[in-house]
Amino acid sequence: MDASKQSTGGRSCLTTRELQQQFREMKNSEKSLRGKLLFHVTDAQQDEEHAFDTHVEVALLSTGTFSPHHVTVRRSHAHFSRFHRQLKTEFGEELERAELPAPPPCGRVPALQDYLSGAFAVCGHSPLFARFLTEQERACAGVLMRAGRYADALEQLAVVLAVHDKLLPWQRRSATWAVPALAAVAVCHRDLDGPQEALAAGQRALPPVRRYGMRRYRAPLLRLLVETGHRLGRPVARLQEELTAAEDGSPAPTASLKEVVLADLAD
């Protein structure tokens, strides 16, 4: 083989290796991002009621194919400060690399974004994250339900469930944390005369209630499922048997599902 062919062949092989290397790097990059939870903080604004506080928008984004849509919650720097104190109490020195920045305008929003990412890398499995990212919406949903504003409550509950959906891969107990919100959705739809939607939400809540022994929810949730099932003409014999067993094992009359939900949303 002459020198020109060897040179051309060498260049061809080198190009192939380079392409293969680039492809491997691209796939490795995709793997490193797949399944990660990213925080995006924007919109620092002064709180109208508290002149020395600010609010920011915190968007949660999942990379990869799991829950590609983002969900946004609004939190003040005072909420961040309380959250940071709780994390420090639970995790101590493990959190020393994640320092909460000063509030804007002295602090910078990107620094707050870095703080969330750093804290989540260490403490993402903690229930404190779920509480911080849902507590305001849960409380607001409870207030709206007490006022009979069920459609407005459903908007708040949708945010709560979207956050839980984002946290699901990292937090083992998120299935149980979602039960109060799912049960609240079922109650809202039932009282809005939407038995189909109430049944669907209740059916999502029932498996973790059974699996994790959430006794306060079991009989009230089964009662709602039996009632809505009857309305829709669905077979409910097995649910009725389970409800009878749950009620027979209770030393006192069980509370309604709405009462149980409102107590938990306010917690």
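Two residues are in contact when heavy atoms of each lie within 4.5 Å. The structure discussed here is a predicted model. Leaving aside neighbours within four places in sequence, Val 261 is in contact with Met 145, Pro 180, Ala 183, Ala 184 and Tyr 217.

**The largest nonpolar core**

Val 261 belongs to the largest nonpolar core, which has 41 residues. Together with Met 145, Leu 157, Tyr 217 and Leu 257, Val 261 touches the most other members of that core. The elements that give two or more residues to this core are α4 (127–146), α5 (150–167), α7, α8, α9, α10 and α11. The most is given by α7, with 9 residues. A second, separate core of 30 residues includes Val 58, Val 73, Val 109 and Tyr 115.

**Helix α9 and its surroundings**

Helix α9 covers residues 215–232, 18 residues in total. At 1.5 Å a residue, α9 should span 26 Å, and the 26 Å between its end C-alpha atoms agrees with this. The buried residues of α9 are Tyr 217, Ala 219, Pro 220, Leu 221, Leu 222, Leu 224, Leu 225, Val 226, Thr 228 and Gly 229. An α-helix has 3.6 residues a turn, so residues three or four places apart point the same way. The buried residues of α9 pack against four helices, listed below.

| Helix packed against α9 | Residues |
|---|---|
| α7 | 179–191 |
| α8 | 195–211 |
| α10 | 237–248 |
| α11 | 257–265 |

Just after α9, Gly 233 takes a positive phi of about 70 degrees.

**The pairing of α2 and α3**

Helix α2 (residues 77–91) and helix α3 (residues 109–123) have axes that come within 12 Å and cross at roughly 30 degrees. Because angles under 35 degrees count as roughly parallel, α2 is roughly parallel to α3. The crossing of these two helices is left-handed. On the α2 side, the residues that meet α3 are Phe 80, Phe 83, His 84, Leu 87 and Phe 91. Their partners in α3 are Leu 112, Tyr 115, Leu 116, Ala 119, Val 122 and Cys 123. Among these partners, Tyr 115 is also included in the second core.

**The loop after α3**

His 125 lies in the loop between α3 and α4. With a relative accessible area of 41%, His 125 is partly exposed, because that term covers residues that are neither under 20% nor over 50%. The C-alpha atoms of His 125 and Pro 169 are separated by 9.5 Å, although the two residues are 44 residues apart along the chain.

Technical notes: Residues numbered from 1 in each chain as written. Predicted model: local features only at pLDDT ≥ 70, side-chain atom pairs only at ≥ 80, totals over all residues. Heavy atoms only, no water. Expected span 1.5 Å × (residues − 1). Buried < 20%, exposed > 50% of the residue type's maximum accessible area, 1.4 Å probe, protein only. Core = buried A, V, L, I, M, F, W, Y, C linked by side-chain atoms within 4.5 Å. Axes fitted to C-alpha atoms, helices over the stretch in contact; angles between N-to-C directions. Parallel < 35°, antiparallel > 145°, perpendicular 65-115°, else oblique. Left-handed = near helix turned anticlockwise from the far one by under 90°.
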